[in-house]
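Welcome, and please keep the model open while you read. The report below takes up chain symmetry, a helix pair and one residue in a loop.

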Protein chains: 4
Amino acid sequence: MIVVMKTDATVKQTGSVIKKIEELGFEPHLSKGEKKTIVGMVGNGKKVEPEIFMVIPGGESVVPILKPFKLASREFKKQSTIIPFNGFTIGGDEVIIMAGPCSVESREQTLEAAEAVVRAGAKVLRGGAYKPRTSPYSFQGLGEEGLKILKEASEKTGLAVVTEVMSPEKVELVVSYADILQVGARNMQNYSLLEAVGKSTRPVLLKRGLMSTIEELLMAAEYILANGNPNVMLCERGIRTFEKYTRNTLDISAVPIIKQLSHLPVIIDPSHAAGKRELVEPLSKSAIAAGADGLIIEVHPHPEKALSDGAQSLHPEEFETLMNDLNAIATAVNRKI
Amino acid sequence: MIVVMKTDATVKQTGSVIKKIEELGFEPHLSKGEKKTIVGMVGNGKKVEPEIFMVIPGGESVVPILKPFKLASREFKKQSTIIPFNGFTIGGDEVIIMAGPCSVESREQTLEAAEAVVRAGAKVLRGGAYKPRTSPYSFQGLGEEGLKILKEASEKTGLAVVTEVMSPEKVELVVSYADILQVGARNMQNYSLLEAVGKSTRPVLLKRGLMSTIEELLMAAEYILANGNPNVMLCERGIRTFEKYTRNTLDISAVPIIKQLSHLPVIIDPSHAAGKRELVEPLSKSAIAAGADGLIIEVHPHPEKALSDGAQSLHPEEFETLMNDLNAIATAVNRKI
Amino acid sequence: MIVVMKTDATVKQTGSVIKKIEELGFEPHLSKGEKKTIVGMVGNGKKVEPEIFMVIPGGESVVPILKPFKLASREFKKQSTIIPFNGFTIGGDEVIIMAGPCSVESREQTLEAAEAVVRAGAKVLRGGAYKPRTSPYSFQGLGEEGLKILKEASEKTGLAVVTEVMSPEKVELVVSYADILQVGARNMQNYSLLEAVGKSTRPVLLKRGLMSTIEELLMAAEYILANGNPNVMLCERGIRTFEKYTRNTLDISAVPIIKQLSHLPVIIDPSHAAGKRELVEPLSKSAIAAGADGLIIEVHPHPEKALSDGAQSLHPEEFETLMNDLNAIATAVNRKI
Amino acid sequence: MIVVMKTDATVKQTGSVIKKIEELGFEPHLSKGEKKTIVGMVGNGKKVEPEIFMVIPGGESVVPILKPFKLASREFKKQSTIIPFNGFTIGGDEVIIMAGPCSVESREQTLEAAEAVVRAGAKVLRGGAYKPRTSPYSFQGLGEEGLKILKEASEKTGLAVVTEVMSPEKVELVVSYADILQVGARNMQNYSLLEAVGKSTRPVLLKRGLMSTIEELLMAAEYILANGNPNVMLCERGIRTFEKYTRNTLDISAVPIIKQLSHLPVIIDPSHAAGKRELVEPLSKSAIAAGADGLIIEVHPHPEKALSDGAQSLHPEEFETLMNDLNAIATAVNRKI
């Protein structure tokens, strides 16, 4: 950490910064420039809140040097995390496609979707039994009934299941039906929930909040890892910007940046990022080209009848065509689907 | 709701939009311009998801006309909501000041803060017993011990207490100690929590997510209202923008806009918006000038020793000076503190 | 255009909206719902500012239906614009790579860069003779001397030249040396400049402002087209968001969206979007996968000595490797480089 | 400047950073922590681009310590700049109100507006003769004819005139008619224009770009100051965010921050920030409460007939009422209007 002193800071003020650093058990390093004086503190492995130095008179700003995440960092674990499932892995050579409806609406709809996506080459079935909706008057999901339907679809098709869990007390229930626990974008900083899924051994798909920086996403992953669950996938699903033609702006740079900063697999959700069906194909291609380890795509047997997200859901035939196109891109970056 | 057809939409496509509207029990209104055809649907009081029309071939966009919030709207309830407490009200003529430390760190610190803020004229004591922290390694609050300290401070000073609740299963516990339940910015769309505090009768201070629109804030309030709790205060605490000199950007326009759209009281948190102690005074003044019903301000007996948010906490004497200055502004807008 | 009346608008207020529409020579369409009344105006081909209706008492909001750009729209011109150059085209089957240093620093540096990029397969040489710099104390470019060096490099290598023009009175001068006029991101809404390059016949590379929506980018293109110059390329180079690991956030969705809304070619600038050399490769790949018609990439013979943008400039050998990788992606989307 | 080395940087890499610093004539300061090594360079008064160090192998990031603006900084000039006009000053005790129509539409409209605003207590008449419009098909202003009308209105009422200049070659013309040259938000980084107004002696009202940081605004002012013109006012007029109820988000914190960082006067434009007439009053009050030196407000004798910005323009009677209310706030912060 570096403390930058104000231009008119007195010698006494600088002295009290140095004293504080020593009190904390660190070694202070003083650098006096023509205009600015800075004091570096050399780490002893302990964590110090930068704010401590912001309240000392004469201090102008504090510059942290260490990244705030540890277990999630590539520096901590050089080798990429590969999460094993029944018959495939996430984070390895293969690009994994997760697909299915936004919501589990009925047994028939879900089974039809599951059969379509497994036929086209998907490995994981997505589908929401608990739905976080902006309006209390919108369809909120089928709850445990939805989980049962997902389980049945999984058994019929061999697909693994990823589904959202919205509160700590439901974690155990969802674990009993699903293979991957999804933490939704709105709950990315719901720390009670992060702790609860961290105590599970089930892999977690952690979605980036639409208002969260990559650093905050990694800090949220850190909560899960620090609670004992090493199997975390990070999912970029679009961030909120001023642009209005898309629902959110897919931050494609997040793929290489996360790969550089962290050892955890990166999944892209082109459906929520775009909010428009016709953008799913180009965004899926660009995600694989940028190095994503997987995609999560909304597919509905009858999008025009979907209770949610119909506008961004693919028809099964569109999904099949997409899978073919994605194969070509995967090959071009030396991966397979 | 209005469905705008693509420029090259066929008569058949427009027909199928009209048919769909009739099927839903609404009355369709067709307007054909030189370039564009639009179909309005005239409400029958039922709610329809706009997305239904986005998936019909030939449709270009759907424009909602009705606002999505009802109970929270000024149209639903013309008169401003006034929330009664022991000896004062929130939402009436008086501007209410809530003040205290970011976190309850100890009995001594909290009592000292409480005495300082009540002396200066505050009506509510703030202080966190459960702290949502970005890092799992930071101080997470004293928990129930902190609630007890707050209760004691309240009994000694007569201050009401506002404190954060972070998960549904803790609502009952927090209710047994606090007068106002705070839902933090990161939990603004934690729907399980919103439902839980909605089922309580205790007033709720709902903080705007740092990248949530005013409409989303009102929709979150709608969850609480729809669950039966009418006593909601909305708190603007800065939104995330590209500007870097402030931690967040205080959206001062939110005050008059919320007052126009909703009947609920509006509280401003200048401490979190700014992240810097020296901005608290000008932002507090501007908030009252803009029509806020209250402020929530961080005050710490010894900011330089604070475990969190020291840089933005006022010294007790600074707070006292501030209160005097705010009185003058309140008078200028025909209110009192 | 649709005028939405306030819930409590009177019949008389609605009547005055209808009257205004008739006065303007349009046909009003009235739709009365249970809660809201809306009045549509059916176009007569004339343009009306929406604001006219916002000031009528009783009006709540105005919803424009027509897109504000015409000549730039795909509706106006179905066929994609293909811009011909000496030996290649932009906007056709081929993906065109523009490459070179941020600034023309010297004859030697520019010639070395030009030779490196032509060898690797680039078709256009980039390089700034006039540099818009945030600080008045930074290197501002070599001016006309720089233009001469670019011209010489072009003659030696056969590369076309793209370079920035910063003010209307310099357009003629830059035209005498360069093949493509670049309008920089900061000048995207410098209307005097847009008019001046619109009166030229030289193709224009129009960069999206880092604060501009896609609609505003298309409106800026409309200025150039309306002044008579049909050869406009649109360049996405990253937008400003809250994310801090990248200098800007590359809006990859802009590629398919612009292709859908407009007939103009789309170029991606991964170097400025990322601000970091190691992101250039994944972002370039994703751009081609998403359907971009070209890339503009910073390459410097000695990035460590660059007077500007060294951190995001590729070494010539890195660029050569990149070109090979990009070929594979181009093939996967049925294009060639 | 501080160079932070990567965790796995070699001793040789750190050595080459140190060597580079010495070559540049600075003194290197090495600090080795348990995890990170950092190298500070102590200034010799010369400016160095941080990028030079980003390209050295082993370097992770570069942290600038000095602010990039000099002449605009409070550190350079402690005393607040007070700009003298005929009969009043800007930046002193008085809060100055500038008011008038968005565009000069006709002699009659402008004279009527001028008489209304001078009667209510404004000191400066605003009005655009050259209008930067998003669409090439919108009203572009009356040009020199508009300047003549403004001059006449000034002579009749004694009001000073502020009006926008859009290109370098028009500066001389505008100077011959106006008292204050406005540089619009879209041109904040049009460096040719900044240089041209910097060479004038006429005071400049520099508007913040709608997605420019405060630092960038101060850097733009630096261009004007460095070219010899010391009389610059900085105008906050709303920044672009994700919030949709307002056209832009007024960054009220910019007032105290600019006052702290710089000696230049700060003006607030509540009309453009809000885009809605009913927000002008609360935002004007909050601006004065926060410490602004002036306001620039749109007033039109007949907003419903305005060619631009009618929805955010006040009626003359509304403006008169506002002026009374603002007086009370000014008194409460020990200033006068």
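## Ground rules

Throughout this report, contact means heavy atoms within 4.5 Å. This is a predicted model, in which local features need pLDDT of at least 70 and side-chain atom pairs count only at pLDDT 80 or more, while totals for chains, interfaces and linings use all residues. Residues are numbered from 1 along each chain as its sequence is written, chains are lettered from A and ligands numbered from 1 in the order in which they are written, and side-chain values use heavy atoms, with hydrogens and water left out.

## How the copies are related

Two copies of a chain are related by a rotation about an axis and a shift along it. Here, copies are superposed by least squares on the C-alpha atoms of residues with pLDDT of at least 70 in both. A turn of 180 degrees with a shift of 0.0 Å along the axis lays chain A on chain C, with an RMSD of 0.0 Å. These two copies are thus related as by a two-fold rotation axis. The residue of chain A that comes closest to this axis is A:S286, at 2.0 Å (C-alpha). Because 100% of the interface residues of chain A are also interface residues in chain C, the copies meet through the same surface.

Chain D is superposed on chain C by a rotation of 180 degrees with 0.0 Å of shift along its axis, at an RMSD of 0.1 Å. In chain D, D:M211 comes closest to the rotation axis, at 2.9 Å (C-alpha). Again the same surface serves both copies, as 100% of the contact residues of chain D recur in chain C.

## A helix pair in chain A

Now for helices 6 (residues 191–198) and 7 (residues 214–226) of chain A, whose axes come within 7 Å and cross at roughly 45 degrees. Helices are DSSP runs of H or I with at least four residues, strands are runs of E with at least two, and both are numbered from the N terminus. Axes are lines fitted to C-alpha atoms, for helices over the stretch in contact, and angles run from 0 to 180 degrees between N-to-C directions.

Helix 6 of chain A contributes A:Y191, A:L194, A:E195, A:V197 and A:G198 to the contact, and helix 7 of chain A contributes A:A220, A:Y223 and A:I224.

## A loop residue in chain D

D:Q189 sits in the loop between strand 10 (180–183) and helix 6 (191–198) of chain D. With a relative accessible area of 8%, D:Q189 is buried (under 20%, against over 50% for exposed and in between for partly exposed, using a 1.4 Å probe and protein chains only). Apart from neighbours within four places in sequence, D:Q189 is in contact with C:T134, C:R186 and D:E216.
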